[in-house]
Amino acid sequence: MIFSSVEYVGFLLAILVLLALVRSLKAQKVILLLGSYYFYARWDWRFLALLAGLSLSTYGCTKMIREGRDRKAWLIVSVAIALGTLGYFKYADFFIGTFIEVTGLHMGLLEVVLPVGISFIVFEVISYAVDVYRGEAEFEDSFLDFAVLVAFFPHLIAGPILRPNHFLPQLSRRVRITVPNLSAGAQLFVWGLMKKILVADRLSQFVETVFNHPGAFSPATTWLGVFAYALQIYGDFSGYTDMAIGSARMMGFDLPQNFNLPYLAKNVTDFWRRWHISLSTWLRNYLYIPLGGNRRGVFRTYENLAIVMLLGGLWHGANWNFCLWGGIHGLGLIVHRIFSNGKTEDSVGSFWITCGRGLTFLFVVVAWVPFRSLDWHGTLMIWEKMFGFLPGEQVRWVSVSLLYAVPCLIVADLGSRMWFNDKRLRLTRFTHQLAFCLAAIGILVLAPPQSSPFIYFRF
């Protein structure tokens, strides 16, 4: 079930009712765990054993780490199990296919079915094991609590990736379903739903047509298609995150902010502080810093940035296009680091900061092309069309959805930004009630016939 479905709303209401009726803290945790496993089973029940197995293996290894028995060896075992699981399900066929292309040998693929959300689950358990090893998180004696951390359904499929120290303490208090939490959570859920349905879903047909037939459209239409994809993926993923955080808040849980107006970033480095914040933080804490970060000289810093972004691209999918996308962003981070050279905003000036925002947005939009394209050929063709190097048929098409997707995204983003700044709607006021109702009516009237799966579910 997806957050934008009636089925999910019914499921969430059922969980809220059960949590309100049950007084025992342990029983509430059991409800959360069973509800989360049911939520995951609705995607594919066969992978419930995988979810439970990763939870059990990580719990067992971290228990040995806590007890001081060959701590580093048990950390390696825990991380190896997690990465081995991810490698088999996500990359086995990718590397076999690459090997076939390079060698020309004839051999069959494994045709492995990818478990939904496997990348986020693996990153979750790795962060817990590493934090316990470093002493940055206490080992959780209760397996029930740890299993809820891993499987908690609002963040299970596509994040945000939770830090143990942030979420586990919240499980020590009984869940209380209150009107303020229900009101606050519902508001953010609606803003996220608006991003998903009125922006992402409405733009999906236009984007799909342009990217599936890259040689058929004029440069102007191609630019619009790529721009539309930038809006689509942001509306889709930040919309999911808003609905996840809103769902958790209705139950009294706080999840971290995952997006902060990334398309207004001043530079590429700033973009990665604003886009998918939990992933950027994870890559910094568990990959960039262990590689040496910026502590081993200038060239080693550039090398670390390139490695992290290449692996970050590969994390998104078993496809060389994702590596290209990661490599482009790695290069962007390196170039920004070279030219910034410790400069502050005061020394740059507001005019150049504004130019930086525009150039950063243009850079990010152009870099989305390999992320969305079907293959290398499509990527090159779209870039050639965008920059005027490829003549051909000049079909022109401007999607009507773009005309209201932009204002809808601005309204929804403004609403969610106010929410995170504790300036939420007060539903006791008539004007705030009217704004909330208009948003809900807009979703019902302008919603497409069928909502599409979230883009990041395949990662």
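These questions and answers cover the fold of the chain and two of its helices.

The model is predicted: local features need pLDDT of at least 70, side-chain atom pairs count only at pLDDT 80 or more, and totals for chains, interfaces and linings use all residues. Residues are numbered from 1 along each chain as its sequence is written, and side-chain values use heavy atoms, with hydrogens and water left out.

Me: How many helices does the protein chain have?
Reply: Helices are DSSP runs of H or I with at least four residues, strands runs of E with at least two, numbered from the N terminus. The protein chain has zero strands, and its helices number 19.

Me: Where does H4 bend?
Reply: H4 covers residues 71–103, and its end C-alpha atoms are only 41 Å apart, short of the 48 Å of a straight helix. That expected span is 1.5 Å times one less than the number of residues. A bend is the angle between axes fitted to the seven residues ending at a residue and the seven starting there. In H4 the bend is about 60°, at Tyr-91.

Me: Which helices do the buried residues of H12 pack against?
Reply: Buried means under 20% relative accessible area, exposed over 50%, partly exposed in between (1.4 Å probe, protein chains only). Among the buried residues of H12 are Leu-279, Trp-282 and Tyr-286. Contact means heavy atoms within 4.5 Å. The buried residues of H12 pack against H5, H11 and H13.

Me: Which residue just after H12 takes a positive phi?
Reply: H12 spans residues 277–291 and bends by about 35° at Arg-284. Just after H12, a positive phi of about 125° is taken by Gly-292.
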